[in-house]
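Student: I've got a model to look at and some terms I'd like justified. Can we go through them one by one?
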Amino acid sequence: MTGGTGPGGADGWGRLEAALRGRRRAGGKCLVPYLTGGLGDDWLETICAVAAAGADAIEIGVPFSDPVMDGTTIQEANDRALSEGATPQSILAAVSGAAADIGVPTAVMTYVNIAHHMGYERFASSLAAVGVSGCVLPDLPLEELGEWAGCADAAGVETVLLAAPTAPDERLPRICARSRGFVYGVGLMGITGVREELAAGATRTAARLKAVTDRPVLVGVGVSTPAQAAEVCEVADGAVVGSAIVTRMLEGAGPEGVAALVAEFRAALDAAHS
Amino acid sequence: MGEPSVTATGGFMAEPEMAPPGQFMGEPSADGRFGEFGGMFVPETLVPACQELDRAFRSAWGDPGFRGELDRLLRDYAGRPSPMTECPNLSEELGVRILLKREDLNHTGSHKINNVLGQALLAQRMGKTSLVAETGAGQHGVATATAAALFGMDCVVHMGTVDIARQELNVFRMRLLGAEVRAAETGSRTLKDAVNEALRHWVAAADTTHYCLGSVMGPHPYPWMVREFQRVVGEEARRQCAEVLGGGVPEVVTAAVGGGSNAAGIFAGFANTSAELVGVEPAGGAAIGRAVPGIVHGSRSYLMQDEWGQVLEAESISAGLDYPGVGPEHSHLAATGRATYEQVTDAEVIEAFSLLSRTEGIICALECAHALAWVSRARADLAGRTVLLNLSGRGDKDVDQMMGILG
Ligand SMILES: Cc1ncc(COP(=O)(O)O)c(C=O)c1O
């Protein structure tokens, strides 16, 4: 079990990127579920179960009071976790104790004020200290990234950047060059939440990103069913699945119930791309 | 302070102890900063929209055709210039000479219309067909709904359910004007949450919809653009003061601060003079009073938050000031000492609201009653001096609430 998160994992990639590149090299598609940290008593067991069900990496949400990029499902999960007393510290402490059981790389997803309030340097080193490999801060765009990215790089934390469907052509290579771990293609112009159909722009965004980078390209936001994940992975290297999974958590499906859904996603990706 | 800081162009400069007045309330740096505050902290999905808005505003603001059209609207539709009123009775009672800048007399009843006419005209120029807005007290929502009716645009206003309950009259006015009012039911269910909903709305609709933000907050270019649209308040007041004060300026300029747009507007006319600038926050929403920087709603500014960086709920009698943050330029003005910020309690505000009604026959909005509450409390220090107070709105919307309190 490698606790280290710094650059200098296999082939010089960080641990998160190495894992995703490994899956792609083996001809597979990457599955990264998102789970809200601190939601219910069994969120940590749920993360472990989800890892065992075929996740390549896991995004752990650290709840924030004002999640502007999130729809009602993740908002509710945030609110519930916060009212149950979740804090960045309690979540990181729990993850630290369970790193070996999780077994796959993790990335924290939160909003920039959580990192800013703790201090970028301290937040980055806290992530590294508990074995979290990556970090997604959706309200920190390229223009504002510098100060955080410096601290994250120094601590060996992989900062995953988002790329929007409306980003002009000249912007995408800059995002891909600065992103670590993978490039997070946003599946639609909007907020997180379960959608009936995959947005038409999702595969187009993936294709535009694939054309300018060798880094793994994963699409998230609006990828809600195993079929949709398989569809977007006709072009993308993988999918991030959030609200569909968090819905199960909110329904109280427990570790087995949530893991069963993740296994369906895994099976759909394996069947479509074996 | 005293540490060298990197300028926008990448050079180094020593931070002066206090910058001379000439440096205040101009254009922000290229990265949207006022000193160390401001910026553009939005999801990638909103970056193109903010950049488009920045380009459009720069072009419009430099275009005499746009400026002329906006001036005409402000005059013929909103009723500008608003008067400045001497208050002999109140002045005698407090021992302080008080001049009121009468934004309450604008069409729709507050300063909010100045900003909204500017943004609606800009939205039209950008080819947008819809407006989305947040509102607290409902004044900005009413102003936006009004402009949408005038320009033939669709309009959705997000408003917290707590505010919908305490500002029923404005909710009805917005609907009458043809706007859709959507209830924000998350978090504290007040202005902060209405902003969240408006941002979520905008992400999904930016191609056709302009986000008509109601104060000097949010991501660049909003804090700068909204201040420029409100600058007319300060420029008029400067001329009006010069007439009344024999070419001089008042010793103190004061205004209530929620997000800070009415204060920014009037301060802008006096930033480069000797006038003291005093912003007044509610004690239960004192972002500057606590002076802890944070990042929410697109910019870095002082922000009420708990030990983990979760944003706290503000608590104020006035829906328009019930906001845990403040516009970034105010944080800069506070940090540099160019302006000072005071806090008043709900009880002091109620007293000031009654005082102005009784002495001058002006029922003002609870928001600007905050500024008067401070003047009243500080009257010993202000004795014999001249204070210009931005009376940002009229009190019709608050009468119902006050009836419950005062009986
Ligand atoms: C009359 C009036 N004054 C002041 C405010 C506070 O906003 P700002 O601080 O942006 O002027 C409001 C907001 O609703 C208002 O209605």
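Tutor: Start with the surface, and keep in mind that this is a predicted model. Chain B exposes an accessible surface of about 14100 Å², with 51% of that belonging to carbon and sulfur atoms.

Student: What makes chain B agree with a compact globule?
Tutor: For 407 residues, the rule puts the radius of gyration of a compact globule near 22 Å; chain B comes in at 20 Å, so the two agree. The C-alpha trace spans about 55 × 55 × 50 Å along its principal axes.

Student: How many residues of chain B count as buried, in percent?
Tutor: That's 63% of the 407. The label needs a relative accessible area under 20%.

Student: Which share of the contacts with a separation of 6 or more in chain B comes from residues 24 or more positions apart?
Tutor: Those residues account for 73% of them.

Student: How far does helix α5 of chain B reach, set against the expected span?
Tutor: Helix α5 of chain B, residues 139-151, has 13 residues, and the rule is 1.5 Å times one less than that number, so 18 Å is expected. From first C-alpha to last, the helix reaches 18 Å, close to that value.

Student: Why is α5(B) called mostly covered?
Tutor: Buried means under 20% relative accessible area, and eleven of the 13 residues in α5(B) are buried, so the description holds. Among them are His140(B), Val142(B) and Phe151(B). The cover includes α2, α4, β7, β8, α7 and α16 of chain B.

Student: What comes just after α5(B)?
Tutor: Gly152(B), with a positive phi of about 65°.

Technical notes:
Residues numbered from 1 in each chain as written. Chains lettered and ligands numbered in written order. Predicted model: local features only at pLDDT ≥ 70, side-chain atom pairs only at ≥ 80, totals over all residues. Heavy atoms only, no water. Rg over C-alpha atoms; globule rule 2.2 N^0.38 Å. Buried < 20%, exposed > 50% of the residue type's maximum accessible area, 1.4 Å probe, protein only. Contact = heavy atoms within 4.5 Å. Areas by Shrake-Rupley, 256 points an atom, 1.4 Å probe, with all protein chains shown as cover. Helix = DSSP H or I, 4+ residues; strand = E, 2+ residues; numbered from the N terminus.
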